[in-house]
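Visitor: Please take a close look at one part of this protein with me, and then show me how that part sits within the rest. I am a first-year student, so please explain each term when you use it.

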Amino acid sequence: MTTTLISAADLAARLDTPDVRVFDVRHDLTNHAAGRQAYDAGHIPGARYLDHETELAAAKTGKNGRHPLPDRAQFGALMAAHGVTPSTLVVAYDASGGMYAAHLWWMLRWLGHDQVAVLDGGWQAWTAAGLPVSHDAAPAVQPGKPVEPGAPLTGTVDAQTVLANIAKPAFTVIDARAANRYRGEVEPMDPVAGHIPGALNRPNGENLQPDGRFKSADALRAEFGSLLAGRDPASIVHQCGSGITACHNLLSMEIAGLSGSRLYSGSWSEWCSDPARPVAKGE
């Protein structure tokens with residue numbers, strides 16, 4: 001079973017079942033303490049908090065981006081420690097339009113676990129529906145069969161592959177950052193402004209409706225279809241600043257039925273760390 005989204009009402013109906021694990025991944029790239037503080041102030045009952053800086057990323061070297069992927073076996077052990085088994089439906093939520101939740105969704109698929117969904121509308125949808133809020137610590141669990149790394153359900157490419165692709169294009173890169181960052185007009189996070197030469201731009205915020213829920217599958221299919229212009233979804237590689245919001249586009253393409261694209265996980269923060277790599281600006 002491949003899962004993408006779950007509504008607040010559907011999650012509420014399944015919240016007390018043993019085959020569901022909920023993870024709160026609220027985060028702020030400019031205030032790394034904010035996610036845990038938000039969790040402590042109130043969360044979905046039974047939800048467990050995961051930190052994008054300390055638990056969902058490997059050590060940073062200054063050359064491997066701001067959120068390098070962790071070791072797959074270590075990530076599998078982390079999931080097992082939270083009680084995730086091969087039969088568990090994992091639900092991720094945040095308060096940022098799904099960008100951090102989509103990253104955990106992608107990471108679990110990268111681990112080989114396909115029963116994972118993003119709470120559509122996130123924390124805001126949950127509270128707007130008047131659903132229960134807990135201030136308790138996450139309950140202790142007894143891990144079952146560990147989530148061992150299996151065959152990845154999604155792929156990655158590295159910086160060298162992206163560099164070689166510029167001269168001999170075999171895939172198309174889609175940049176999920178805001179348009180002004182893509183054009184190189186501003187760069188609030190990384191030391192160099194611009195984009196990977198040849199990359200197209202699809203700001204991940206365009207995947208959402210005004211209420212913070214994802215657009216319909218039909219709408220996303222039409223919009224991504226226009227951007228892809230006949231390209232095979234399997235010939236698409238997504239990137240962003242550090243590999244997080246790119247997963248929002250990956251999830252959106254999956255919702256649209258456009259499966260098979262990959263992630264450049266190092267993304268712009270890794271790319272621009274090497275001055276020998278080319279940089280483009282403008283449209």
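**A pair of rings and its surroundings**

Guide: Trp106 is buried, with a relative accessible area of 0%, where buried means under 20% relative accessible area, exposed means over 50%, and partly exposed is in between (1.4 Å probe, protein chains only). Trp110 has a relative accessible area of 9%, so this residue is buried as well. Please keep in mind that this is a predicted model, in which local features need pLDDT of at least 70 and side-chain atom pairs count only at pLDDT 80 or more, while totals for chains, interfaces and linings use all residues. Residues are numbered from 1 along each chain as its sequence is written, and side-chain values use heavy atoms, with hydrogens and water left out.

Both tryptophans belong to helix H4 (residues 99-111), and because they are 4 residues apart there, about one helical turn separates them. Helices (H or I, at least four residues) and strands (E, at least two) are DSSP runs, numbered from the N terminus.

A search of the whole structure finds 4 aromatic pairs; rings of Phe, Tyr and Trp (its six-membered ring) pair if their centres lie within 6.5 Å, with planes under 30 degrees apart counted as stacked, over 60 as edge-to-face and the rest as tilted. One of these pairs is Tyr39 with Tyr49, whose ring centres are 5.8 Å apart and whose planes meet at 45°, so this pair is tilted. Tyr39 lies in helix H2 (residues 34-41) and Tyr49 in strand S3 (residues 48-49), so the pair ties together parts that are 10 residues apart in sequence. Tyr39 and Tyr49 are both buried. The rings of Trp106 and Trp110 also have their centres 5.8 Å apart, but their planes lie at 15°, so the tryptophan pair is stacked.

If we step to Trp105, we meet a contact of Thr4, a residue in the segment before strand S1 (5-6). Leaving aside neighbours within four places in sequence, Thr4 is in contact (heavy atoms within 4.5 Å) with Trp105, Val116, Ala117, Val118, Leu251, Glu254 and Ile255. The C-alpha atoms of Thr4 and Leu119 are separated by 8.9 Å, although these residues are 115 places apart along the chain.

Three of the contacts of Thr4, namely Leu251, Glu254 and Ile255, are among the buried residues of helix H9. Helix H9 (residues 246-255) is mostly covered, since 10 of its 10 residues are buried. Just after H9, Gly257 takes a positive phi of about 80°, and the loop between H9 and strand S10 (262-264) holds Ser259. At 38% relative accessibility, Ser259 counts as partly exposed, and this serine touches Pro233, Ala234, Met253 and Glu254, not counting residues up to four places away in sequence. Between Ser259 and Gly35, which are 224 residues apart in sequence, the C-alpha distance is 30 Å.

A positive phi also appears at two residues that are not glycines. Ala229 has one of about 50°, and this alanine is found in the loop between H8 and S9, where it is exposed with a relative accessible area of 59%. Ser267 has a positive phi of about 55°, but this serine sits in helix H10 (residues 267-271) and is buried, with a relative accessible area of 0%.

Finally, the whole protein gives the setting for these details, with 10 helices and 10 strands. Its radius of gyration, taken over C-alpha atoms, is 18 Å, close to the 19 Å that the globule rule (2.2 Å times the number of residues to the power 0.38) gives for 283 residues, so the protein is as compact as a globular protein of that length. Along the principal axes, the C-alpha trace spans about 55 × 40 × 35 Å. Buried residues make up 53% of the 283 residues, and among contacts between residues at least 6 apart in sequence, 77% join residues at least 24 apart.
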